[in-house]
Amino acid sequence: MASTANAKSMNRAATGQPTSVVASFIKRNVEVISISASIFVLAIIFSILNPRFASVENLENILNQAGLPLIIAVGATFVILIGSIDLSVEGVMSAAGMTFVLMTANSRGGTDYGFWAYVVAIGLAAALGFFSGVLFTKVKVPSFIVTLGMWYVGLGVATVLFGTDTMPFLTNDDLSTWASQQNLGMPNNFLLGLIVAILGALFLRFTSFGRVTLAVGNNEEIARGNGLKVNRNKVTVFVIAGAISGIAGIVATIQLGAVNPTIAAGNLFIALPAVVIGGTSLAGGKGSMLGTVLGVILLTTLTNGLTLADVSPNFKTAVSGGILILAIVITAWSQRDRLRISK
Amino acid sequence: MTAEINVVPAGGNLKVKLAKAWQSVGPLVVFLTMFALVAILTPTFLGNGGVTIVASSAASVLLVALGQSLVLNIGSIDLSNASITILGAILLAMTLNSVGAIAPLFILIVVSIFGAINGLIIAFTQVPSFALTLGTFGIFQSAALVVSGATTVYVKENGDAIKALYQSGIGGIPMTFALGVIAALVAWWFLRFTRPGLAMTAIGKNESGAIFSGIKTRWLKVLAFTMSGFLSGLAGLTIIAQAGSASPMGLGSDLLLPGIAAAIVGGTSISGGVTNPLNVVFGALSVALVPIASAAVGVPSQAQSLVYGLVIIVTVALTLSRSSNSIVK
């Protein structure tokens with residue numbers, strides 16, 4: 001494929017035919033353009049179905065709903081870029097959220113550790129990510145099985161911390177209204193998601209860590225052969241994903257103002273399809289944070305619009321699941337080959 | 001996947017022998033150890049119908065785990081099986097009320113079709129099985145919510161024959177568990193003595209080799225997932241037999257992890273090509289003992305999912321066959 005494309009451009013150069021700037025721009029950004037167009041089309045359809053969709057309140061609503069999945073999707077993008085998968089997101093989120101609430105001012109009493117509540121919660125999440133990463137790289141357990149186990153370990157930690165007492169809720173009103181308050185015309189949680197995404201994009205583009213991540217995902221054997229510290233990179237990716245899940249857990253708790261062990265249920269189902277339709281390949285090595293941001297906005301627009309069009313919320317996971325299937329089938333379609341092995 | 005030749009290092013023979021020994025008697029030893037532990041620490045367990053409780057909760061785990069083992073055996077994984085179980089149970093409860101006695105047969109056909117759809121997409125579009133079944137998991141879960149209206153569906157009519165499965169039994173072991181054991185025997189026979197069964201194991205051991213040997217790998221994958229759907233449906237039947245009702249959040253809605261754990265503790269390899277359905281019986285019994293055993297050693301009941309998660313990670317880590325230069329994703 002690549003060689004024919006090269007031959008074409010060489011031909012073009014040889015015949016002196018100028019390559020159109022617009023055409024090459026479209027070619028380079030085909031995913032971003034097609035997702036943006038899909039969001040636009042969806043917005044028009046939903047506005048016709050229910051005029052309330054295009055109201056300012058609802059747009060704020062969409063951004064508010066997109067905040068949490070966006071944070072999670074950034075972590076998931078890193079993991080998918082190295083060709084692995086992190087299924088532990090929901091478990092790690094509940095463990096971090098529960099730790100956070102119990103260490104800050106809450107209805108169950110206890111000491112308010114202030115700033116340290118954030119540190120310990122995110123630290124715990126990063127530690128869970130670290131264990132996943134080490135088990136994956138050193139013990140060579142496939143990432144989907146390690147993180148499936150870690151999902152339930154996280155849930156278990158949250159359930160044990162929760163105990164048999166009443167549900168703890170936040171007693172600090174400034175904190176429990178933080179997520180929906182606005183700055184720069186955007187709800188705080190979306191703003192935080194955007195900041196995490198921008199940091200992620202900068203890390204990926206401008207640090208050696210980011211470049212090694214892409215190289216590992218692209219071809220691990222060659223990366224190793226070139227002396228890159230592949231294992232260290234993979235563990236770092238899982239630690240970052242864990243820490244980001246921890247942040248997401250805290251945000252989820254703040255949004256609800258309270259916490260129970262199932263607080264994160266359903267989040268994996270928005271984040272994963274969003275990353276995949278954002279153009280990040282499940283095989284690794286290819287993808288972008290911009291794609292992920294747009295993927296999250298597309299999915300949130302879709303679920304929000306369906307709710308406004310009076311579709312039962314029971315259909316929510318089916319929509320995400322269907323989109324996940326569609327996205328992976330479309331990306332795999334061109335690579336079909338009788339001799340290709342996919343597990 | 002990798003084609004390198006593994007040179008067996010010095011002392012490697014012992015390792016191979018240990019692995020073989022684990023695969024043949026390991027699951028039984030694990031189960032007997034846990035059983036003895038529980039019997040010693042809580043002597044009342046045996047007197048108070050503890051065996052019946054373990055066998056009945058092992059029944060649905062066993063059926064789901066057998067399906068999972070067949071799928072793991074070809075090197076894939078089915079994350080949607082537990083949601084098929086619940087959807088099947090809900091549909092069964094509803095159709096028993098309206099259609100009547102033919103309902104179980106009808107439902108088993110429907111769940112087999114669900115499994116076949118998984119298999120067809122995986123085999124013919126070549127997408128990773130964990131990603132596809134995660135997607136269908138979401139769809140089946142939604143379908144269960146929508147069909148049941150997010151409430152409990154009770155069996156009001158024609159349920160006696162199915163409930164009898166749970167209420168009758170031999171020596172305190174309910175028939176639902178016997179059903180699981182029969183399914184295990186059939187699966188064992190299928191894998192050891194039939195052409196498609198042997199070919200499935202061949203796919204798990206070396207898929208490229210299987211393709212070049214002229215094995216119809218794609219249709220066998222479809223068959224493996226269809227069987228997983230069918231067995232998940234049987235698990236749904238045992239849930240109706242035990243509870244007389246089904247709901248999206250009720251009994252059996254959390255079978256995914258126990259099912260994988262039972263398959264792996266039963267000696268099934270996560271990378272394919274190795275499974276013994278008869279040992280999965282002991283895997284399922286061990287998993288059903290986990291809550292009782294962890295209570296016996298003083299682990300709080302809230303920590304149950306933590307124990308399941310750790311069991312999976314540790315068992316896979318201990319039993320995984322690995323070579324130092326292979327790539328794991």
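These exercises, each with a worked solution, concern a predicted model with chains A and B.

**Exercise 1. Compare the radius of gyration of chain A with the globule rule, and describe the chain's overall make-up.**

Step 1. Begin with the secondary structure: chain A has 15 helices and 2 strands.

Step 2. For 343 residues the globule rule gives 20 Å, and the radius of gyration of chain A is 21 Å, so chain A is as compact as a globular protein of that length.

Step 3. Along the principal axes, the C-alpha atoms of chain A occupy a box of roughly 75 × 55 × 40 Å.

Step 4. Of the 343 residues in chain A, 50% are buried. The accessible surface is about 15,500 Å², and carbon and sulfur atoms account for 66% of that area.

Step 5. Take the contacts in chain A with a separation of 6 or more: 77% of them are between residues 24 or more positions apart.

Step 6. Chain A carries 20 positive and 13 negative charges, and the mean positions of the two sets lie 20 Å apart.

**Exercise 2. Carry out the corresponding analysis for chain B, starting from its radius of gyration.**

Step 1. Chain B contains 14 helices and 4 strands.

Step 2. A compact globule of 329 residues would have a radius of gyration near 20 Å; the value for chain B is 20 Å, so the two agree.

Step 3. The box filled by the C-alpha atoms of chain B, again along the principal axes, is roughly 65 × 50 × 35 Å.

Step 4. Buried residues amount to 55% of the 329 in chain B. The chain exposes about 13,600 Å², with 70% supplied by carbon and sulfur atoms.

Step 5. Of the contacts in chain B between residues at least 6 apart in sequence, 78% link residues at least 24 apart.

Step 6. The 13 positive and 6 negative charges of chain B have mean positions 15 Å apart.

**Exercise 3. Check the length of helix 14 of chain B against the expected span, then state what covers its buried residues.**

Step 1. Helix 14 of chain B runs over residues 304-319, which is 16 residues.

Step 2. The expected span uses 1.5 Å times one less than the number of residues. For helix 14 of chain B this gives 22 Å, and the end C-alpha atoms are 22 Å apart, so the span agrees.

Step 3. The buried residues in helix 14 of chain B include B:S305, B:Y308, B:G309, B:I312 and B:V316.

Step 4. The cover over these buried residues includes elements of both chains: helix 6 (115-137) and helix 7 (143-162) of chain A, and helix 12 (256-265) and helix 13 (277-296) of chain B.

**Exercise 4. Locate B:Q126 and B:A150, give their phi values, and classify each as buried, partly exposed or exposed.**

Step 1. Most residues other than glycine have a negative phi.

Step 2. B:Q126 is not a glycine, yet its phi is positive, about 55°. B:A150 is likewise a residue other than glycine with a positive phi, near 60°.

Step 3. B:Q126 sits in the loop between helix 5 (103-125) and helix 6 (129-148) of chain B. B:A150 is in the loop between helix 6 and strand 1 (153-154) of chain B.

Step 4. Buried means under 20% relative accessible area. B:Q126 has 8% and is therefore buried, whereas B:A150, at 43%, is partly exposed.

**Exercise 5. Describe the surroundings of B:T136, B:T176 and A:L63.**

Step 1. B:T136 belongs to helix 6 of chain B. Its relative accessibility is 7%, so B:T136 counts as buried.

Step 2. Apart from neighbours within four places in sequence, B:T136 contacts A:I325, B:S80 and B:N118.

Step 3. B:T176 is part of helix 8 (residues 175-193) of chain B. With 1% relative accessibility, B:T176 is also buried.

Step 4. Not counting residues up to four places away in sequence, B:T176 touches B:A59, B:L165, B:Y166, B:T238 and B:A241.

Step 5. A:L63 lies in helix 4 (residues 56-81) of chain A. Its relative accessible area is 22%, so A:L63 is partly exposed.

Step 6. Beyond its neighbours within four places in sequence, A:L63 contacts A:M186, A:P187, A:N189 and A:F190. The C-alpha atoms of A:L63 and A:V196 are 15 Å apart, with the two positions 133 residues apart in sequence numbering.

Note on methods: Residues are numbered from 1 along each chain as its sequence is written. Chains are lettered from A and ligands numbered from 1 in the order in which they are written. This is a predicted model: local features need pLDDT of at least 70, side-chain atom pairs count only at pLDDT 80 or more; totals for chains, interfaces and linings use all residues. Side-chain values use heavy atoms; hydrogens and water are left out. Buried means under 20% relative accessible area, exposed over 50%, partly exposed in between (1.4 Å probe, protein chains only). Contact means heavy atoms within 4.5 Å. The radius of gyration is taken over C-alpha atoms; the globule rule is 2.2 Å times the number of residues to the power 0.38. Accessible areas come from the Shrake-Rupley method with a 1.4 Å probe; for residues, only the protein chains shown count as cover. Lys and Arg count as positive and Asp and Glu as negative; His and the chain ends are not counted. The place of a charge is taken as NZ of Lys, CZ of Arg, CG of Asp or CD of Glu.
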